[in-house]
Structures are given as C-alpha cells and as structure tokens.
Amino acid sequence: MQGITILGATGSIGASTLDVVARHPDRYRVYALSAHARVEELAAACRQFRPQRAVVGSPEAAARLAALIADLPTSVEYGEAALCDIASSADTDIVMAAIVGAAGLAPTLAAARAGKKILLANKEALVMSGQLFMDAVREHKATLLPVDSEHNAIFQALPSSYGRVPGACGVAKILLTASGGPFLNRAVETLGSVTPDEACKHPNWVMGRKISVDSATMMNKGLEVIEAHWLFGAPADQIDVVIHPQSVIHSMVSYVDGSVLAQLGNPDMRTPIANALAYPDRIDSGVAQLDLTQMAALQFFAPDFERFPCLALAFDALRAGGTAPALLNAANEVAVQAFLERRIGFRDIDRVIRHALDVVPHGPAPSIEAVLDQDARARAAANDAVSTIASGLQR
C-alpha cells in the first residue's frame with residue numbers, strides 16, 4: 001500500500017484526488033494533508049482519511065484545526081518547513097502537488113529532491129524554476145507525472161520512448177487545447193466591464209477563483225505552454241494552442257507522418273489524477289465513460305491575441321527564458337488578486353504584467369534564491385502598477 005501526501009487538499013484538485021483515493025483503499029493510504037486556511041474542510045478530510053499529519057498556513061489556523069480534531073491521532077503543524085517535511089518524508093511514496101501559486105514551489109522541490117513520485121498540478125514549480133526543478137527530478141531519480149488535463153493528455157499521446165531516444169519519435173507539434181473560457185464569444189470592447197464573478201464562471205470546469213480568472217485571460221494556458229516546454233522538452237515554436245470550446249479533446253500530439261493522436265474524455269479532473277496516481281496501471285476514477293454518440297460538433301479555433309494578450313505575454317516570456325517566466329507568474333498573481341478585490345479592471349491584468357516584465361530586468365536563474373528574488377521584484381513592480389491604476393479608477 002502506497003502512502004500519499006496531498007499538498008492543497010481542500011482545493012478542487014485535492015478534493016478530486018481524495019475522491020479517487022477513497023475508491024481504492026486497498027492501494028493507497030493518506031499520510032498527510034495540507035491546506036492554507038480552510039480549516040473546517042481540512043478537518044472533515046482528516047476525519048474521513050485519518051492522516052498521520054496535517055499542515056496549515058499559520059499558527060492560528062493550526063490552533064483551530066487542533067481543536068477540531070483533538071480526538072484524532074493526527075499531528076497538526078504549520079508553515080513552509082512542515083510542508084517540505086511532509087513532501088519529503090520517508091512515510092510518503094506519492095506527493096500530489098496541488099498548492100496554487102508560488103507557495104507550492106518549495107514543498108514540490110523538496111519532494112523532487114527526496115526522489116518521490118510527484119503528481120504535478122502546481123504549474124508554478126516549472127514556470128518559476130523549470131531548469132532547476134527538472135535537474136532535481138533527474139538528479140534524485142524522482143518520477144514526475146503531469147496532472148493538468150492537457151499535459152496528462154499529451155503524456156498519454158506521446159510514445160513511451162519520448163525523451164529517451166532523441167529524434168526518434170517523429171513529434172512535429174504539441175497541441176494544447178483550451179476551452180477559451182467564459183469570454184470566448186463576448187465582444188472584446190466589453191471586456192473592460194467584466195466582474196470577478198463573471199470571470200469565475202467557467203463553462204466546463206469547476207475551479208478555484210484564481211485559476212478561473214487565469215482561464216478567462218488565458219494566462220492559465222500561457223503557463224501551461226511554459227510547463228509543456230519543460231515537461232516535454234519542446235521549444236516555444238513546437239507548441240501550439242488550439243481553442244476547443246467543448247473540452248472533450250484534452251490535447252493532441254502531431255507527428256511528422258501526418259498523424260495526430262488525441263486523448264478524449266469527459267471534462268473531469270479525476271481522469272488525469274487517476275492516470276497519474278496509478279501509472280502505468282489504469283484504475284477506476286469515478287468518471288462516466290465518454291459517449292461519442294451524444295457529442296455535438298467539435299470546434300477548433302486559433303487563439304485571438306487581441307482578446308487574450310496574456311497568452312502572448314507567456315509565449316514572449318518563454319522565448320526570453322531565464323527568470324522571465326518567474327516574473328510573468330509573480331506579476332500575474334498580484335494582478336489577479338487585485339482584480340478579484342476589484343482594485344483594477346479585467347483588462348488591466350495584462351497591463352500590470354507587461355509593466356513588471358518591462359521594468360524588472362530578467363536574467364539567468366542559477367538558484368532558487370535568485371528566482372525568489374526576481375519573484376519579489378516582480379511583485380513589487382506589479383503592486384506599483386496596481387496602485388497607479390487603482391488611483392486612476394478612484395478619481
């Protein structure tokens with residue numbers, strides 16, 4: 001039986017992972033769970049799965065959780081050091097890395113350095129520190145499996161020899177599909193009046209508010225482009241984004257002989273989670289089988305960079321290399337939070353990111369410390385831009 005640590009257990013990915021794990025009590029035991037501040041949800045998960053350890057983000061949250069589960073044998077801890085410890089513990093075999101944003105970098109890297117099987121749902125680990133992270137995976141013989149539905153689809157469509165036999169696989173293009181989010185067909189000139197609630201109403205997926213806004217701007221797809229570059233060793237020009245509103249085809253791989261292999265399924269994150277969790281086996285995920293006879297026409301479009309400027313910014317950052325993707329990610333986190341707090345408008349998000357990329361010099365990323373320094377500089381520049389925009393809106 002394999003022990004699993006779930007970083008970000010109360011988010012949508014964490015909840016879906018627990019659902020899959022619960023279906024296979026003979027294969028998996030939950031060693032540790034973490035959440036930042038959603039103490040009640042974490043307490044409920046602890047009661048169901050009885051992990052040895054639970055980690056939260058602050059001493060106040062730890063005190064609340066300890067009071068709620070005082071009758072359980074689960075030890076309660078808090079902070080980044082505790083996250084890194086549960087991710088690297090000898091008692092865990094599998095780490096689901098599902099903490100959203102830069103906060104997930106340190107524990108995911110700790111899991112890599114401990115040689116764990118990592119189910120990667122936190123794309124920021126690769127966006128911020130791709131070379132460092134992949135070096136750690138290789139050096140410590142960790143196993144890295146993508147959980148994002150798109151990257152998991154690509155993983156399934158690539159030959160097993162990909163990456164081990166350079167030039168022998170005939171891969172021409174990696175095709176990342178994107179739903180287009182809630183504003184695919186909305187008039188571009190009206191996007192300035194978009195509200196946070198509107199941006200968080202994704203047509204196909206149930207996600208947290210930050211990632212929902214990223215989907216609406218297509219920054220989420222831009223981060224996935226950068227992630228695909230590191231996961232699959234593909235340069236920017238070998239990665240295309242294809243708008244596919246129905247979210248039935250989760251991504252594709254195009255080959256030099258003209259073949260295109262696609263992975264299809266109902267839009268439910270339990271499918272890629274189950275695939276990564278049991279790989280190379282297949283297990284029941286709880287997801288209904290796709291009924292192709294019930295499918296309407298499947299549509300595909302090229303992305304409109306006027307509608308989705310954040311996607312263009314992500315491609316630019318990937319081509320620039322070094323710490324540019326870390327700057328992009330940090331500025332985006334600041335901008336999205338400011339939008340959710342109604343301090344800036346929806347079309348100000350890309351303005352804030354562009355400002356940070358313009359004013360903060362980017363360069364090599366030789367260490368995590370250098371990456372985090374650039375992250376802090378980008379956040380400061382983005383906050384300056386937010387303040388300027390917010391003051392203008394208040395006049």
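Author: Lys and Arg count as positive here, Asp and Glu as negative; His and the chain ends are left out. The model is predicted.

Reader: How far apart do the centres of the positive and negative side chains lie?

Author: There are 33 positive side chains and 41 negative ones. Each set has its own centre. The distance between these two centres is 1 Å.

Reader: Why does the radius of gyration agree with a compact globule?

Author: The chain has 395 residues. For that count, a compact globule would come out near 21 Å. The two agree because the protein has 20 Å.

Reader: What share of the residues counts as buried?

Author: Buried means under 20% relative accessible area. That cut-off is applied to the 395 residues of the protein. The buried share is 55%.

Reader: What share of the contacts joins residues 24 or more positions apart?

Author: Take the contacts with a separation of 6 or more. Among these, the pairs 24 or more positions apart account for 69%.

Reader: Which strands pair with β8, and in what sense?

Author: Strand β8 covers residues 171–178, and six of its eight residues are buried. Five bridges link β8 to β10, residues 249–255, in the antiparallel sense. Five bridges also join β8 to β9, residues 239–243, and this pair runs parallel. The partners are thus β10, antiparallel, and β9, parallel.

Reader: Which residues are the bridge partners of leucine 175?

Author: Leucine 175 has a bridge partner in β10 and another in β9. In β10 the partner is methionine 252. In β9 the partner is aspartate 240.

Conventions
Residues are numbered from 1 along each chain as its sequence is written. This is a predicted model: local features need pLDDT of at least 70, side-chain atom pairs count only at pLDDT 80 or more; totals for chains, interfaces and linings use all residues. Side-chain values use heavy atoms; hydrogens and water are left out. The radius of gyration is taken over C-alpha atoms; the globule rule is 2.2 Å times the number of residues to the power 0.38. Buried means under 20% relative accessible area, exposed over 50%, partly exposed in between (1.4 Å probe, protein chains only). Contact means heavy atoms within 4.5 Å. The place of a charge is taken as NZ of Lys, CZ of Arg, CG of Asp or CD of Glu. Helices (H or I, at least four residues) and strands (E, at least two) are DSSP runs, numbered from the N terminus. Two strands pair if DSSP finds at least two bridges between them.
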